[in-house]
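Reader: I am new to this structure and should be grateful for a guided discussion of it. May we begin with the model itself?

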Amino acid sequence: MAKRTIVEAINLALQQEMANDPSVLLLGEDIGTDGGVFRVTQGLIEQFGEKRVVDTPLSESAIVGLAIGLAVYGLKPIAEIQFEGFSFAAFEQLSCHASRIRTRTRGRYRCPLVVRIPYGGGIRAPEHHSDSNEAHFVHIPGLRVVVPSTPYEAKGLLVSAIRDPDPVIFMEPKRIYRALREEVPDEEYAIPLDRARIVTEGSDVTLIAWGAMLHVTLQAAKSMADKGISAEVIDIRTLSPLDHDSLIESVKKTKRAVVVHEAPRTCGLGAEIVARINEMALVYLEAPVERVTGFDTIMPLPKLEKLYLPDVGRVVHAIDRVMHF
Amino acid sequence: MPRKTIKDFNVEWLQVLDEHGVCDEKLRPPLSDAQIHSLYEWMILARVFDEKAYKLQREGRLGTYASILGQEAAQIASALALEPSDWMFPSFREPGASIVRGLPLKMILQYWSGDERGSIIPQEQNDFPISIPVATQIPIGAGVAWGAKYKGDNIAVLVYLGDGATSKGDFHEGLNAAGVLSLPVVFFCQNNHWAISVPRHRQTAAETLAQKAIAYGFPGIQVDGNDVFAVYSATDQALKRARAGQGPTFIEAVTYRIGDHTTADDASRYRSAEEVAEWKNKDPIDRLIKYMATKKLWDEAYGQKVAAQARERVETAVTEQENTPPADVRDIFLHTFQELPAELASQMEAFLSEIGQRDGNGAGNG
């Protein structure tokens with residue numbers, strides 16, 4: 001079994017699904033000859049040709065609008081938006097059409113598309129290249145929002161997203177695109193959507209994260225283990241619809257929880273998670289649930305971005321606070 | 001290094017049947033008498049339907065409705081040029097085109113009465129439901145055209161839009177991509193001169209809308225939108241061009257919105273009665289009647305018969321719509337995804353139980 005990065009795992013998933021299903025096609029900016037600015041689609045135009053790997057004009061709303069039309073016509077388009085900061089231009093198409101065509105036609109039309117969006121900070125990128133805007137998509141009913149956190153997860157979740165009968169926003173944490181390698185089987189496999197994953201079991205506190213923040217959280221859990229605190233770490237991985245059962249079950253066991261995300265705090269997904277814990281497990285709690293998040297500010301440029309992004313120290317302090325409330 | 005003209009463009013205008021009913025037979029599309037009758041009968045049905053929908057709204061029996069009064073030729077003649085296997089994308093002011101395509105009148109009323117079931121397009125009909133956000137249907141229509149091209153299906157897509165839509169980003173993005181990808185799509189713009197209260201000259205400084213196509217690298221033509229023959233001819237030609245793999249066409253049909261923007265609008269606030277009167281003189285149905293009368297295709301008795309049949313169809317549709325049982329409250333939830341996620345299921349169950357406690361009827365309805 002080969003060790004692969006997230007970029008390589010996603011590339012493999014795309015390659016295998018395209019080989020399996022002639023109705024799968026890719027569209028986006030620079031995804032053809034250039035292989036995508038992050039090289040996620042490298043080699044695919046050589047293998048599948050210009051008909052199935054299509055460089056579009058620089059036109060995010062058209063990319064998503066065209067993908068909706070392709071999906072309505074019975075194809076399986078996978079659109080790439082180059083950076084999350086450019087996804088806003090496609091918001092109207094996602095919100096006014098992709099998410100609601102099934103509901104507004106009572107199932108007469110469906111929209112099985114995937115929009116891949118590299119997102120998040122930590123790669124010293126220019127303005128508008130480092131935001132964490134996942135909550136915007138979570139707030140649109142009818143969209144699935146999926147965020148992988150490791151290469152193995154990325155391949156299996158993307159395969160499920162491609163096979164899903166509804167629109168999926170697949171947000172790729174670009175900070176860890178190449179930061180870690182793990183065993184990713186050549187063989188096909190799919191990881192079910194809508195289910196959270198318990199990464200490490202523990203008994204004293206539940207730590208909830210996704211994407212790049214999962215790794216910051218795991219490091220914090222490790223340093224707490226040295227102090228004798230046993231943390232259960234949960235990777236949400238499908239942000240919408242949210243698998244709250246797994247979270248609630250864990251919180252009932254540990255009686256303490258910390259949510260970690262890099263997006264701004266107010267109305268970030270952490271707010272929803274805390275609300276659900278309060279609704280369903282309040283009486284079990286030994287301490288208020290803590291959030292470690294970005295701030296309600298504009299994402300800073302690279303010189304300050306490290307300070308903005310939650311780090312191990314901030315997560316450790318939050319765990320300390322819930323342990324000693 | 002001389003400075004010279006490297007490209008020169010022109011914009012064509014097509015009119016076949018003028019406002020006095022005078023027809024240029026050389027330009028007239030080769031339609032049979034039966035087809036001309038059909039054009040006329042669909043236009044009458046569209047007008048009778050439109051008048052009824054307006055009245056129903058005034059009586060509190062229908063929600064907001066967008067009238068097509070004055071635009072019947074543009075819609076009917078363009079939609080009649082489609083093959084059943086083609087796709088059609090309406091904006092929100094195309095009931096004329098929709099009924100030609102086979103959408104039951106009842107469903108149009110159902111949609112504007114606030115019932116999603118009016119958008120369950122019949123299986124045999126390849127049409128998208130109404131798109132209210134202006135111009136957003138354009139890239140999607142192009143996407144369906146791409147899908148057809150990808151699969152090798154020999155069809156074309158007709159996308160309706162208005163003059164206001166030409167100012168939106170999706171107009172540019174959709175037409176630009178359609179040109180680059182050489183898609184089998186026809187963009188049919190009804191320039192009815194008004195986007196709610198904003199006149200056409202405030203949408204663009206360009207002299208015509210048709211000329212916008214030039215920049216996208218495909219043909220654009222301006223036609224008299226109140227002339228059934230010009231509209232049919234231009235649309236038919238553009239659709240054939242699309243089906244033959246020759247790419248998109250943009251058609252600007254110059255017409256006029258005789259009515260208010262919608263039933264929630266009062267157009268007398270922003271435009272003159274004289275302007276409206278001037279356009280009433282260019283009425284698309286009146287001029288077709290004049291032409292048909294000279295060809296012995298129309299007389300009073302025929303006119304009355306067609307109107308009576310239209311009224312009967314519309315009244316039947318109103319009765320059907322008003323007698324349709326309300327939708328099940330579960331419909332709010334059930335189509336969000338193919339399978340109902342656990343969280344949504346629990347929201348639905350909690351809501352049903354609350355309704356049950358309030359009304360003593362958990363099954364509930366809208």
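Author: A term must come first: helices are DSSP runs of H or I with at least four residues, strands are DSSP runs of E with at least two, and both are numbered from the N terminus. The model discussed here is predicted.

Reader: Which residue takes a positive phi just after H10(B)?

Author: Helix H10 of chain B spans residues 284-294. Its buried residues include Pro284(B), Ile285(B) and Arg287(B), and the buried residues pack against H1, helix H2 (72-80) and H8 of chain B. Just after H10(B), a positive phi of about 60° is taken by Lys296(B).

Reader: How many residues of helix H4 (residues 105-112) of chain B are buried?

Author: The buried residues of H4(B) include Leu105(B), Lys106(B), Gln110(B) and Trp112(B). Their cover includes helix H1 (33-58), helix H3 (95-101) and helix H11 (300-322) of chain B. H4(B) is largely enclosed by the rest of the structure, because the buried residues number eight of the eight.

Reader: What phi does Gly114(B) take just after H4(B)?

Author: H4(B) covers residues 105-112 of chain B. Gly114(B) follows just after H4(B), and its phi is positive, at about 100°.

Reader: In what order do the six strands of the open sheet of chain B lie?

Author: The pairing in this sheet is parallel. Strand E1 (12-14) and strand E2 (87-89) of chain B are the edge strands, each pairing on one side only. Averaged over neighbouring strands and with direction ignored, the turn of one against the next is 20°. From one edge to the other, the order is E1-E7-E8-E4-E3-E2.

Reader: Which helix of chain B packs on the sheet?

Author: The helix in question touches E1, E3, E4, strand E7 (220-224) and strand E8 (249-254) of chain B. Its direction makes about 170° with that of E8(B). It spans residues 228-243 and is helix H8 of chain B.

Reader: What is the bridge partner of Val157(B) in E4(B)?

Author: Strand E3 (residues 157-162) and strand E4 (residues 185-191) of chain B run parallel and are joined by six bridges. Within this pairing, the residue of E4(B) that partners Val157(B) is Val185(B).

Reader: Which residue stands opposite Phe250(B)?

Author: E4(B) and E8(B) are parallel partners with six bridges between them. Phe250(B) belongs to E8(B), and the residue opposite is Phe187(B).

Reader: Is the β-α-β crossover from E7(B) to E8(B) right-handed or left-handed?

Author: E7(B) and E8(B) run parallel and are joined by five bridges. One of their pairs sets Asp224(B) against Val254(B) of E8(B). The chain passes from E7(B) through H8(B) to E8(B), and this crossover is right-handed.

Reader: How many residues of E8(B) are buried?

Author: In a regular strand the side chains alternate between the two faces of the sheet. Thr249(B), Ile251(B) and Ala253(B) lie on one side of E8(B), Phe250(B), Glu252(B) and Val254(B) on the other, and all are buried. E8(B) is thus mostly covered, and the number buried is six of six.

Reader: How far apart are the centres of domain 1 and domain 2 of chain B, taken over C-alpha atoms?

Author: Domain 1 of chain B comprises residues 12-322, and domain 2 comprises 326-366. Taken over C-alpha atoms, their centres are separated by 38 Å.

Reader: In chain A, which residue of E5(A) is the bridge partner of Ala79(A)?

Author: Strand E4 (residues 76-80) of chain A is mostly covered, with five of its five residues buried. Lys76(A), Ile78(A) and Glu80(A) point one way, and Pro77(A) and Ala79(A) the other. E4(A) pairs in the parallel sense with strand E2 (residues 24-28) over five bridges and with strand E5 (residues 114-119) over three. Pro77(A) has Leu25(A) opposite, and the partner of Ala79(A) in E5(A) is Val115(A).

Reader: Which helix supplies the largest share of the side of chain A that touches chain B?

Author: The contact takes 36 residues from chain A and 34 from chain B. Helix H3 (60-72), helix H4 (91-98), helix H5 (101-104) and helix H9 (244-254) of chain A each supply at least two residues of the chain A side. That side divides into 15 nonpolar, 13 polar and eight charged residues. The largest share, nine residues, comes from H3(A).

Technical notes:
Residues numbered from 1 in each chain as written. Chains lettered and ligands numbered in written order. Predicted model: local features only at pLDDT ≥ 70, side-chain atom pairs only at ≥ 80, totals over all residues. Pairing = 2+ DSSP bridges. Axes fitted to C-alpha atoms, helices over the stretch in contact; angles between N-to-C directions. Contact = placed C-beta atoms within 7 Å. Nonpolar A, V, L, I, M, F, W, Y, C, P; charged D, E, K, R; others polar. Buried ≥ 20, exposed ≤ 12 C-beta atoms within 10 Å, placed from the backbone. Right-handed = clockwise from strand over helix to strand, strands pointing away. Domains from an automatic or database assignment.
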